[in-house]
Amino acid sequence: MTDYHKEYVKECFLKLKDNGYIIISVPNLMNYGILYQLLNKGNFTYTETGLLDYDHKHFFTLKEIHKMLAICQFDVLQTYCVPDKDRDKFTEKEDNFIKELMKFGDGSIEELQYTTFEYFVIAKKAQSAMVDN
């Protein structure tokens, strides 16, 4: 996580009332489309719109979003996955690519993390952080 993102979330923490919530929208770096372009074609090309939109300066996985919020003393209450709008139109090749991705690692990554377009995360100040302030 860059210092900029950490400082921004900390600033939100300071301005947020104790009973307030923070809601963030984050594009999903683990989306199969990004991984496919990167692994099969060597592309990580920014675009006018979409996951690699020019406005997105930093990318997160679900785990890294939650980690960033915890470091900044937030408790995640809910995470909503916005599915890829074309999930029902995936080709057999795309489905097979996702199945192959799932074979890597320790098995903790679910298919949903590859087919999610973006995350909406709702968090509040951690109870321990409010006691400390």
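Me: Does Tyr-32 count as buried or exposed?
Reply: The model is predicted, and in it Tyr-32 has a relative accessibility of 10%. The cut-off for burial is under 20%. Because 10% falls under that cut-off, Tyr-32 counts as buried.

Me: With which residue does Tyr-32 form a tilted aromatic pair?
Reply: The ring centres are 4.4 Å apart, with 55° between the planes. Tyr-32 belongs to helix H2 (residues 32–41), whereas its partner is in the loop between E2 and helix H4 (92–101), 58 residues apart from Tyr-32 in the chain. The partner also has 10% relative accessibility and therefore counts as buried. The residue that pairs with Tyr-32 is Phe-90.

Me: How many aromatic pairs does the count come to?
Reply: A pair requires ring centres within 6.5 Å. The pair of Tyr-32 and Phe-90, at 4.4 Å, meets this rule, and so does the pair of Phe-13 and Phe-74, at 5.5 Å. By this rule the count comes to 3.

Me: What is the geometry of the pair formed by the rings of Phe-13 and Phe-74?
Reply: Phe-13 lies in helix H1 and Phe-74 in strand E2 (residues 74–83), so 61 residues separate the two and the pair links distant parts of the chain. Both residues are buried. Their planes stand at 90°, and angles over 60 degrees fall in one class, so the pair is edge-to-face.

Me: Which residue lies over the face of Phe-13?
Reply: The residue concerned is part of strand E3 and sits 4.7 Å from the ring centre of Phe-13. At 5% relative accessibility it counts as buried. The residue over the face of Phe-13 is Lys-125.

Me: Which side chain makes a polar contact with the side chain of Lys-125?
Reply: The side chain of Lys-125 reaches the backbone oxygen of Leu-16 at 2.7 Å, but that is a backbone partner. The contact with a side chain is at 3.4 Å, and the limit for a polar contact is within 3.5 Å. The partner is the side chain of Asp-18.

Me: Which element gives the largest share of the largest nonpolar core?
Reply: This core has 18 residues, and those touching the most other members are Val-9, Ile-24, Ile-65, Leu-69, Phe-74 and Val-121. Two or more residues come from each of helix H1 (3–15), strand E1 (21–27), helix H3 (62–71) and strand E3 (116–125). Ile-24 is in contact with Ile-65, Met-68, Leu-69, Tyr-119, Phe-120 and Val-121, leaving aside neighbours within four places in sequence. The largest share, 4 residues, comes from H3.

Me: How far apart in space are Leu-29 and Phe-59, C-alpha to C-alpha?
Reply: Leu-29 is in the loop between E1 and H2, and at 25% relative accessibility it counts as partly exposed. Beyond residues up to four places away in sequence, Leu-29 touches Ile-34, Leu-35, Phe-44, Phe-59 and Phe-60. Although Leu-29 and Phe-59 are 30 residues apart in sequence, their distance in space is 5.8 Å.

Me: In which helix is confidence lowest?
Reply: The protein averages a pLDDT of 83, and 90% of the residues score at least 70. Confidence is highest in E2, at a mean of 93. Where pLDDT is low, predicted coordinates should not be read in detail. The lowest mean, 67, belongs to residues 127–132, which form helix H6.

Methods: Residues are numbered from 1 along each chain as its sequence is written. This is a predicted model: local features need pLDDT of at least 70, side-chain atom pairs count only at pLDDT 80 or more; totals for chains, interfaces and linings use all residues. Side-chain values use heavy atoms; hydrogens and water are left out. A nonpolar core is a set of buried Ala, Val, Leu, Ile, Met, Phe, Trp, Tyr and Cys residues joined through side-chain atoms within 4.5 Å. Buried means under 20% relative accessible area, exposed over 50%, partly exposed in between (1.4 Å probe, protein chains only). Contact means heavy atoms within 4.5 Å. Rings of Phe, Tyr and Trp (its six-membered ring) pair if their centres lie within 6.5 Å; planes under 30 degrees apart count as stacked, over 60 as edge-to-face and the rest as tilted. A charge sits over a ring if NZ of Lys or CZ of Arg is within 6 Å of the ring centre and within 35 degrees of the ring normal. A polar contact is a pair of N or O atoms within 3.5 Å; within protein, one must be able to donate a hydrogen and the other to accept it, and residues adjacent in sequence count only if both atoms are side-chain atoms. pLDDT is the predictor's confidence in each residue, from 0 to 100.
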